Amino acid sequence: MTTSCDDPVFGDPVLPGFRPDPSVCRVGADYYLVTSSFEWFPGLPVFHSRDLVNWRRIGSALDRASQLDLDGCEPSRGLFAPTIRHHEGVFHLVCTLMDGPGHFVVTATDPAGPWSQPIWLDGEGFDPSLFFDDGPDDGDGDGGGGSRAWFTAARVLDEAGGRTAIWMREYLPHERLLTGPEHVLWSGSHPGARWSEAPHLYKIDGSYLLLTAEGGTDVDHSVVAARADRVTGPYEGAPGNPVLPPAKGPVTCTGHADLVQTPYGDWRAFLLGVRPGSALGRETFLSRITWDDGWPVFSPVDHTDLRRPLHDDFATLAADWSTLRTPPARFWTTGDGLRLQLRPEHLGERTVPSLLARPQEQPDCDVSTELHFVPAAPDEEAGLAVVLDDDTHLLFLRTTEGLSLRHGPEILAGVPVPPGPVRLGVRIRGFSHTFAHAAPNGAWEDLATIEATFLTPLFTSVQLGLYATSNGRPSTSQAHFTWFDITYPSRQEPPGRP
């Protein structure tokens, strides 16, 4: 049993793979964390932990079609940068639907759900946050304390120059709306600052601390801090800004931090980071926080190589499986493996294809599945998918001609195979992808190796999944996947097969 938050072992991303823009809150001994999900559904995954290191997904804040319609959502758009907070027995989660109505709030008394329907909030921009100020009111009515809540976000002033401003309005938690005047809190740590965003407010030792990201979510990403005596400002930047400079080590692009205080009085930060040279994209890391003259000091972020093998026989559909955009109806069944309905939609469109996928969590892994599928027409195909987005993916599919390996519409390799079940696999070593196939009891045979640097992520990252389509024609066919495995090579890296 953990007795101090100095006990957990830091190192690996605590949420590996596609887990960007983390936000965290604590209720008693329980921690709850959410991340961005962009065009993937269910939206805004919710995780629970007791030790800040080991996390379990307990649901999603947006898991019903009535809550969220991502129809036509472009890659790397959709749901940006949520913030989760708890106040008087209610969880409040704010987020931005880009290219949609904008900011919204959903609430729940149980973070596992159900969460409410979204209520849309006024204001432009992105990266919204909430701050509940339960301090004593100073009586002058201009935001100097009292039981009040505040909504902050970033807005773009100059897209080309990356100039932004952090603004704030009062939030009424019972009415779920914004009220009162707008206050501009911050526009960056220096006159040339770019992409001041991801604002979070805290009250620590009687002062208000504003934490933001700066530099853009790439190699110049950093964390800056400012503080004020009043929540409305004026805010003075930390003398040593950025308090977390752009990272040069084995984890880069660190930023977008959110703080949480443990029951023992110490502080931790969750932030995104990137392991260079992989398709994993932005992951969630953990940093210890110490204090120097009231300013936060972040411990370095590193990683080791923790590997979590997966075997899924689809007794049910686990929470980590996602679809592209909001499905109008379920196109899958579980219990006897996974059965995907072949539908006219296909990857390459801004629709909802018959695809179920989950994040790739390590740069090196072996992925395999067993497929039972007889195409009833030339347009019918199903198999294994390595997907960055609609336009960027590798597909290893059974067709009427045998097996076909494709990069989008381009056929890279093919091989005839006899009728009956077939195993499909891919060995991933960084950006090198070796695709292989086998009879259910036979030896693996390599088909082709692809250097897939085109899978380099930006906002989202690579997902591994199962796919079926009838390519524009109606179909009653199903593809039956009996299991799905992700395993990891030994550190001696012997020649192996998926």
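# Exercises on an all-strand chain

The chain holds 36 strands and zero helices. The model you are looking at is predicted, so keep that in mind as you work.**Exercise 1. Work out how compact the chain is for its length.**

Step 1: Take the radius of gyration, which is 24 Å.
Step 2: Set it beside the 23 Å that the globule rule gives for 498 residues.
Step 3: The two values are close, so the chain is as compact as a globular protein of that length.
Step 4: For the outer dimensions, look along the principal axes: the C-alpha trace spans about 80 × 50 × 45 Å.

**Exercise 2. Find what share of the residues is buried, and describe the exposed surface.**

Step 1: Count a residue as buried if its relative accessible area is under 20%. That applies to 60% of the 498 residues.
Step 2: Now turn to the outside. The chain exposes about 19200 Å², and carbon and sulfur atoms supply 51% of that area.
Step 3: Check how far apart in sequence the touching residues are. Take contacts between residues at least 6 apart: 58% of them join residues at least 24 apart.

**Exercise 3. Trace the open sheet that contains strands 18 to 21.**

Step 1: Write down the order, 18-19-20-21, for these four strands, and note that the pairing is antiparallel.
Step 2: Look for strands that pair on one side only. These are the edge strands, strand 18 (252–261) and strand 21 (295–298).
Step 3: Add the twist, which averages 35 degrees from one strand to the next.
Step 4: Zoom in on strand 19 (residues 267–274) and strand 20 (residues 282–292). Eight bridges join this antiparallel pair.
Step 5: Pick out one facing pair: Phe270 stands opposite Leu286 in strand 20.

**Exercise 4. Which residues have the most contacts inside the largest nonpolar core?**

Step 1: Start with a general idea: in soluble globular proteins, nonpolar side chains tend to be buried together.
Step 2: Here the largest nonpolar core has 44 residues, and Leu340, Val367, Leu464 and Phe484 have the most contacts inside it.
Step 3: Follow Leu464 outward, leaving aside residues up to four places away in sequence. Its partners include Trp321, Val367, Ile428 and Phe484, and also Arg358 and Gln360.
Step 4: Find the other core, which lies apart from the one around Leu464. This one has 32 residues, among them Phe38, Ile166, Trp186 and Leu355.

**Exercise 5. Locate two cis peptide bonds that involve proline.**

Step 1: Go to Phe41 and Pro42. The bond joining them is cis, with omega about 0 degrees.
Step 2: Place Pro42 in the fold: it sits in the loop between strand 3 (40–41) and strand 4 (43–49).
Step 3: Move on to Gly233 and Pro234, where the cis bond has an omega of about 10 degrees.
Step 4: Pro234 belongs to the loop between strand 16 (222–228) and strand 17 (236–237).

**Exercise 6. Ala81 and Glu88 both have a positive phi. Is each one buried or exposed?**

Step 1: Check the angles. Ala81 has a phi of about 50 degrees although it is not a glycine, and phi of Glu88, also a residue other than glycine, is near 50 degrees.
Step 2: Find their places. Ala81 is in strand 6 (residues 78–87), while Glu88 is in the loop between strand 6 and strand 7 (90–98).
Step 3: Apply the cut-offs: under 20% relative accessible area is buried, over 50% is exposed.
Step 4: Ala81 is at 2% relative accessibility, so it counts as buried. Glu88 is at 61%, so it counts as exposed.

Methods: Residues are numbered from 1 along each chain as its sequence is written. This is a predicted model: local features need pLDDT of at least 70, side-chain atom pairs count only at pLDDT 80 or more; totals for chains, interfaces and linings use all residues. Side-chain values use heavy atoms; hydrogens and water are left out. Two strands pair if DSSP finds at least two bridges between them. Helices (H or I, at least four residues) and strands (E, at least two) are DSSP runs, numbered from the N terminus. Axes are lines fitted to C-alpha atoms, for helices over the stretch in contact, and angles run from 0 to 180 degrees between N-to-C directions. A nonpolar core is a set of buried Ala, Val, Leu, Ile, Met, Phe, Trp, Tyr and Cys residues joined through side-chain atoms within 4.5 Å. Buried means under 20% relative accessible area, exposed over 50%, partly exposed in between (1.4 Å probe, protein chains only). Contact means heavy atoms within 4.5 Å. The radius of gyration is taken over C-alpha atoms; the globule rule is 2.2 Å times the number of residues to the power 0.38. Accessible areas come from the Shrake-Rupley method with a 1.4 Å probe; for residues, only the protein chains shown count as cover.
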